[in-house]
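Here's a quick tour for anyone opening this structure for the first time. Have a look at it, then read on.

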Amino acid sequence: MERNAEKSLIELRELAKVFYTDEVETHALSGINLDIQQGEFVSIAGPSGCGKTTLLSILGLLDSPTGGKYLLDGEPVENLSAGQRAKIRNQAIGFVFQAFNLIGDLTVYENVELPLTYRGMGGSERRERVEAALERVGLAHRMKHYPSQLSGGQQQRVAVARAIVGKPLILLADEPTGNLDSKNGNAVMSLLKELHAEGATICMVTHDPRYAHVADRTIHLFDGQVVSEDDVKRSHELEEAGFDVGHD
C-alpha cells in the first residue's frame, strides 16, 4: 500500500453530534474540523466523556452526525442511508474494538472470514486472504481454535486480522489495548505500528498517553471539541534536522 501524503482519506468540517433525551440536548461533538491523510497514524485522546468514541463511531459510519460535512475518500457520507453505510463499512473500514467483538461459536478462521463472506467473495479468494491475514498477525497456527481458547492478546490480534483482511482504506481502533495487560497491550501496539509502517492508515482512540505518542499526530478532545493537536512526526523530523522543539 503506497502512501500519498497529499490525499485526505477523511475530511470533517464543522462536524456536530447532538443527543436528545427527555427534552435535554447533549452536545457530544461541536465544530470538529479534521483531516486524516492516506498513510497517516492519528490518535484521538481526551478524558472520559469527551466525545472520543462518538467521533470514532461517526468516522466508522456506525452513527451519523447531526451537522457538518464528512468526506470519506472524497465522497460525502454524512447523509447516507443505513444500507449504504453498511456497504461502505464492509468495503472501506476495518474496526478493532476494546472488547474484541469476536463471535464465540465461530473459529478464528471463520471470524476473520466473516466480512469477506458478506461481500459475496469466492471461497478460494477468501481462504487466501484469511490465511494471509492470520499469518500477518502470527496466528495462522490457531485458525481452528475458538476465541475462548485464546488469551486476550491473541483475541485482539485475531480482531486485527479481521480488520485488515478486507484491505480497508482505514483502520479504526477504539481503545485496542484497554482490556489487555501491559505486555499484550505493547504487542498489539507493535503490530499496529508495523501495519502503519507498511502503509496502513490508522485512527485510534486511546486514553493511554504511552500509546497515543506512537501515532504521527494526536488530536486532543475536551467537551466535544478539538482543543489541541500534537504533531509527533513533525517534531521528530525537526529534532533530526537539529532544531530544539522542546518537550513539556
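## A pair of strands to start with

Let's begin with one residue pair: Ala173 has Met204, in strand E8, as its bridge partner. Keep in mind that this is a predicted model. The two strands involved, E7 (residues 170-174) and E8 (residues 202-205), run parallel and are joined by 4 bridges.

Two helices pack here too. Helix H2 (residues 82-92) packs on the sheet and touches E6 and E7, with its direction at about 80° to that of E6. Helix H6 (residues 182-197) also packs on the sheet, where it touches strand E3 (41-45), E7 and E8; its direction makes about 155° with that of E8.

## The whole sheet

Zoom out, and you'll find an open sheet of 6 strands with mixed pairing, in the order E6-E7-E8-E3-E9-E10. Strand E6 (93-97) and strand E10 (225-231) are at the edges; each has a single partner strand, so one side of each has no neighbour in the sheet. From one strand to the next, the twist averages 20°.

Which strand pairs with E3 in the parallel sense? That's strand E9 (residues 217-222), over 4 bridges. Within this part of the sheet, Ser43 has Thr218 of E9 as its bridge partner.

E9 also pairs with E10, but in the antiparallel sense and over 6 bridges. Together E9 and E10 make a hairpin with 2 residues between them, and Asp223 in the turn has a positive phi of about 50°. Arg217 stands opposite Asp231 in E10.

## Two nonpolar cores

Now for the inside. The largest nonpolar core has 36 residues, and the ones touching the most other members are Val112, Leu134 and Leu195. Two or more residues each come from helix H3 (108-118), helix H4 (123-136), helix H5 (152-164), E7, H6 and E8. H5 gives the most, with 6 residues.

Leu134 is a good place to look around. Leaving aside residues up to four places away in sequence, Leu134 touches Val108, Tyr109, Val112, Leu139, Ala140, Met143 and Ala161. There's also a second, separate core, made of 28 residues, including Ile10, Leu72, Phe95 and Ile219.

## Rings worth a look

How many aromatic pairs does the structure hold? Just 1. Phe95 and Phe97 form that pair, and their rings are stacked, 5.6 Å centre to centre with 5° between the planes.

Are these two buried or partly exposed? Phe95 has a relative accessible area of 15%, so Phe95 counts as buried, the cut-off being under 20%. Phe97 comes out at 22%, so Phe97 counts as partly exposed.

Another ring to check out is that of Tyr211: the charged end of Arg210 sits over it, 4.9 Å from the ring centre.

## A glycine in a loop

Finally, where is Gly51? Its place is in the loop between E3 and helix H1 (52-59). Gly51 is buried, with a relative accessible area of 10%. Not counting residues up to four places away in sequence, Gly51 touches Ala28, Leu29 and Leu221.

You can also set Gly51 against Arg217, the residue from the hairpin section. In sequence, Gly51 and Arg217 are 166 residues apart, while in space they are 18 Å apart, C-alpha to C-alpha.

Note on methods: Residues numbered from 1 in each chain as written. Predicted model: local features only at pLDDT ≥ 70, side-chain atom pairs only at ≥ 80, totals over all residues. Heavy atoms only, no water. Phe/Tyr/Trp six-rings, centres within 6.5 Å; stacked < 30°, edge-to-face > 60°. Buried < 20%, exposed > 50% of the residue type's maximum accessible area, 1.4 Å probe, protein only. Lys NZ or Arg CZ within 6 Å of the ring centre and 35° of its normal. Pairing = 2+ DSSP bridges. Axes fitted to C-alpha atoms, helices over the stretch in contact; angles between N-to-C directions. Contact = heavy atoms within 4.5 Å. Core = buried A, V, L, I, M, F, W, Y, C linked by side-chain atoms within 4.5 Å.
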